[in-house]
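Reader: Hey, got a minute to go through the charged pairs with me? I'll pull the structure up.

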Amino acid sequence: MHYLPEQTLITCILPKGTSLPLLPRIKHELGILTAHLNSARGFGRSAQGNDSSPAQSEKELLTVITPGARADEVFNWLFEVAGINQPGGGLIYMTTLKGATAFSVPDNLQEESE
């Protein structure tokens with residue numbers, strides 16, 4: 001494990017089905033390997049069910065950890081590329097982390113286990 005000081009956690013709440021295509025782009029275009037994708041559901045102010053009560057909607061949570069010095073660059077990239085700048089595109093925010101721990105997986109797990 002390797003300690004990474006002064007990191008930023010960027011969280012995107014996106015429409016279902018939009019996050020998975022972003023993962024390879026985050027890796028190849030930004031060089032970031034610390035991204036996580038999860039799904040959630042909840043109520044929003046604008047979503048209404050048949051009886052005027054709030055309707056649940058499924059969302060995806062995309063989180064990215066980046067060095068603080070690159071936080072604005074990565075935030076702006078995600079805002080544009082993920083379509084958050086469009087109506088109904090989602091929500092994005094960032095949080096300063098005191099640090100994070102880098103984990104790496106060996107290229108060849110078979111050799112490592114022998």
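Author: Sure. First the term: a salt bridge here is a side-chain nitrogen of Lys or Arg within 4 Å of a carboxyl oxygen of Asp or Glu. And keep in mind that this is a predicted model.

Reader: Ok, so how many salt bridges does the structure hold?

Author: It holds 3 salt bridges. One of them joins Arg25 to Glu29, with the closest N and O atoms 2.8 Å apart.

Reader: Where do Arg25 and Glu29 lie?

Author: Both are in helix H1, 4 residues apart, which is about one turn of the helix.

Reader: Are those two buried or exposed?

Author: In between. Arg25 is partly exposed at 35% relative accessibility, and Glu29 is partly exposed too, at 45%.

Reader: Switching topic: which parts of the chain does the Glu58 and Lys16 pair link?

Author: That salt bridge, 3.5 Å from N to O, links distant parts of the chain. Glu58 sits in strand E3 (residues 54-67), while Lys16 is in the loop between strand E1 (2-15) and helix H1 (22-30), 42 residues apart.

Reader: Why does Lys16 count as exposed?

Author: Because its relative accessible area is 54%, and exposed means over 50%. Glu58, at 46%, counts as partly exposed.

Reader: And what does Glu73 pair with?

Author: Arg70, with the closest N and O atoms 3.0 Å apart. Glu73 is partly exposed at 43% relative accessibility, and Arg70 is partly exposed at 24%.

Notes. Residues numbered from 1 in each chain as written. Predicted model: local features only at pLDDT ≥ 70, side-chain atom pairs only at ≥ 80, totals over all residues. Heavy atoms only, no water. Helix = DSSP H or I, 4+ residues; strand = E, 2+ residues; numbered from the N terminus. Buried < 20%, exposed > 50% of the residue type's maximum accessible area, 1.4 Å probe, protein only.
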